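Colleague: I am new to this structure and would love a close look at a single part of it. Could you walk me through the pairing of charged side chains, and then place that part in the wider picture?

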Amino acid sequence: MVFFVGVQSVLFLTVLTCLFSFCFQIYLVGGSFGLREFAQIRYDVHKRHGKVDPALKEKLKQNPVTLESEYEKLEKSNLDNWENIRGPSLWEDSRTVQKQRREALRLKTE
């Protein structure tokens with residue numbers, strides 16, 4: 001009798017393991033196909049709505065920005081003399097702090 005119960009429990013565990021492994025495999029394979037479909041939808045929407053306005057495209061063509069022009073702007077700016085300005089803390093009112101700093105700067109220049 002004990003042998004029969006042991007065989008029955010082993011058979012039950014085998015069936016249970018196969019059932020869960022089968023479900024897990026379906027989850028993995030189905031998930032990969034689902035992920036591919038959702039990614040494709042994202043790219044399709046981007047392709048459809050990602051077009052640039054022609055007027056904006058013409059405006060960008062008229063004012064080309066190159067790496068050399070940006071480098072020349074940085075060379076012209078004075079980066080040696082700068083002042084570290086602290087921003088307002090979370091509990092401070094930004095307008096009040098800005099007003100105080102402007103007043104201090106005005107008094108400093110006079």
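**A close look at the salt bridges**

Modeller: Happy to, and E37 is a good place to begin: its relative accessibility is 45%, so E37 counts as partly exposed. Please keep in mind from the start that this is a predicted model. The partner of E37 is R36, and the side chains of these two residues form a salt bridge with an N to O distance of 3.5 Å. As background, side chains of opposite charge can pair when their charged atoms come close. The cut-off used here is 4 Å between a side-chain nitrogen of Lys or Arg and a carboxyl oxygen of Asp or Glu. By that rule, the count is 3 salt bridges.

Let us move along the chain to helix α3, which covers residues 67-76. Here E70 and K73 join their side chains in a salt bridge, at 3.4 Å from N to O. Both residues belong to this helix and lie 3 residues apart, about one turn of the helix. The two partners fall into separate accessibility classes: E70 is partly exposed at 34% relative accessibility, whereas K73, at 53%, counts as exposed.

Helix α4, residues 94-109, holds another pair, E103 and R106. Their closest N and O atoms are 2.3 Å apart, and the two side chains form a salt bridge. These residues are again 3 positions apart in their helix, so about one helical turn separates them. R106 has a relative accessibility of 38% and counts as partly exposed; E103 is partly exposed too, at 36%.

Now for the surroundings. The protein has 4 helices and 0 strands, and its elements run α-α-α-α from the N terminus on. Its radius of gyration is 34 Å, well over the 13 Å that the globule rule gives for 110 residues, so the protein is more spread out than a compact globule. You can see this in the C-alpha trace too, which spans about 105 × 45 × 25 Å along its principal axes. Only a small share of the chain is covered: 1% of the 110 residues count as buried. The accessible surface comes to about 11,300 Å², and carbon and sulfur atoms account for 65% of that.

Part of that surface is a nonpolar patch of about 560 Å², built from F24, Y27, L28, V29 and F33. One of its members, L28, sits in helix α1, residues 2-49. L28 is partly exposed, with a relative accessible area of 47%.

You may also wonder about covalent links between cysteines. A disulfide is a covalent bond between the sulfur atoms of two cysteines. Searching the whole structure turns up 0 disulfides. For C18, the nearest cysteine sulfur is that of C23, 11 Å away, while the cut-off for a disulfide is 2.5 Å. Seen from the other side, C23 is in no disulfide either, with the sulfur of C18 as its nearest at 11 Å. Both residues are partly exposed: C18 has a relative accessibility of 47%, and C23 has a relative accessible area of 42%.

To return to your request, the pairs to find in the viewer are R36 with E37, E70 with K73, and R106 with E103.

Terms used
Residues numbered from 1 in each chain as written. Predicted model: local features only at pLDDT ≥ 70, side-chain atom pairs only at ≥ 80, totals over all residues. Heavy atoms only, no water. Buried < 20%, exposed > 50% of the residue type's maximum accessible area, 1.4 Å probe, protein only. Patch = residues over 30% accessible without salt bridge, like charges linked within 9 Å, V, L, I, M, F, W, Y side chains within 5 Å. Areas by Shrake-Rupley, 256 points an atom, 1.4 Å probe, with all protein chains shown as cover. Helix = DSSP H or I, 4+ residues; strand = E, 2+ residues; numbered from the N terminus. Rg over C-alpha atoms; globule rule 2.2 N^0.38 Å.
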